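Please look through the sequence and the model below before reading on. The paragraphs that follow go from one sheet to the other and end with a few backbone details.

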Amino acid sequence: MKKILAVLVALMMILCLASCGKQGPKATLKVVDLDGNALYTIEVNVEDGKTAGEELEAYLTENKIDYEIYDGDMIAKIGDLSQNAETWDPYWAIYVNGEYGQVSLWEQTFSEGDVVEVKLEHPNW
């Protein structure tokens, strides 16, 4: 009986420890190259309340990845990938859950399960 009780207590402790490490709702932020490869995938804690731009800048800075922002909310460069500022071919596009983004990264917030992608792509015009 003591062994069964000990096993049950051990299982309860494991479950408690596992739930203590559980953080709130998550979303994903990705940086995608011209070939569709996700170069960086960032797990975002939605409850932090940061915008996609804030999360991206924090990740790039923390990981010492070179980047350039202009006009306060436009991406020029991430790592070795750059948009062409004169022709806009290629350019950085924002997608939220597969749909073309309607706001800048610094206005884009997260909901649980969101996937926000910053994609380098060729324009369709």
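Two strands are said to pair if DSSP finds at least two bridges between them. Helices (H or I, at least four residues) and strands (E, at least two) are DSSP runs, numbered from the N terminus. This is a predicted model, in which local features need pLDDT of at least 70 and side-chain atom pairs count only at pLDDT 80 or more, while totals for chains, interfaces and linings use all residues. Residues are numbered from 1 along each chain as its sequence is written, and side-chain values use heavy atoms, with hydrogens and water left out.

Begin with the sheet of three strands. Strands of a sheet pair through backbone hydrogen bonds, either parallel or antiparallel. Here the sheet is open, its order is E3-E4-E5, and the pairing is antiparallel. Its edge strands are E3 (67–70) and E5 (81–82), each of which pairs on one side only.

Which residue of E4 is the bridge partner of Glu 68? The partner is Lys 77. Two further pairs can be found between these strands: Ile 69 has Ile 75 as its bridge partner in E4, and Tyr 70 has Met 74. In total, four bridges join E3 to E4 (residues 74–78) in the antiparallel sense. Helix H2 (residues 52–62) packs on this sheet and touches E3 and E4, and its direction makes about 145 degrees with that of E3. Contact means heavy atoms within 4.5 Å. Axes are lines fitted to C-alpha atoms, for helices over the stretch in contact, and angles run from 0 to 180 degrees between N-to-C directions.

On the other side of the pairing list, E4 and E5 run antiparallel and are joined by two bridges. Lys 77 appears again here, standing opposite Ser 82 in E5. The hairpin of E4 and E5 has two residues between the strands, and Gly 79 in this hairpin takes a positive phi near 60 degrees.

Now turn to the other sheet. It is an open sheet of five strands in the order E2-E1-E8-E6-E7, with mixed pairing. E2 (38–45) and E7 stand at the edges with a single partner strand each, so one side of each has no neighbour in the sheet. Within this sheet, E6 (residues 91–96) and E8 pair in the antiparallel sense over six bridges. One pair of residues to look for is Ala 93, which stands opposite Lys 119 in E8. Helix H2 is found here too: H2 lies across E1 (26–32), E2 and E8, and runs at about 115 degrees to E2.

The edge strand E7 (residues 99–100) contains Tyr 100. Glu 99 is also found in E7. Is Glu 99 buried or exposed? Buried means under 20% relative accessible area, exposed over 50%, and partly exposed in between (1.4 Å probe, protein chains only). Glu 99 is exposed because its relative accessible area is 55%, whereas Tyr 100 counts as partly exposed because its value is 43%. Leaving aside neighbours within four places in sequence, Tyr 100 is in contact with Tyr 91, Ala 93, Ile 94, Tyr 95 and Glu 121.

Glu 121 lies in E8 (residues 115–121). This residue is buried yet has no salt bridge, and the nearest side chain of opposite charge, that of Lys 119, is 5.4 Å away. A salt bridge is a side-chain nitrogen of Lys or Arg within 4 Å of a carboxyl oxygen of Asp or Glu. As for charge, Lys and Arg count as positive and Asp and Glu as negative, while His and the chain ends are not counted. The side chain of Glu 121 does make a polar contact of 2.9 Å with that of Tyr 95. A polar contact is a pair of N or O atoms within 3.5 Å; within protein, one must be able to donate a hydrogen and the other to accept it, and residues adjacent in sequence count only if both atoms are side-chain atoms.

Last come the backbone details. Most residues other than glycine have a negative phi, and most peptide bonds are trans. Asp 71, in the loop between E3 and E4, has a positive phi near 55 degrees. Asp 71 is exposed because its relative accessible area is 68%. Trp 88 lies in the loop between E5 and E6, and its phi is positive, near 60 degrees. The peptide bond from Asp 89 to Pro 90 is cis, with omega near 5 degrees.
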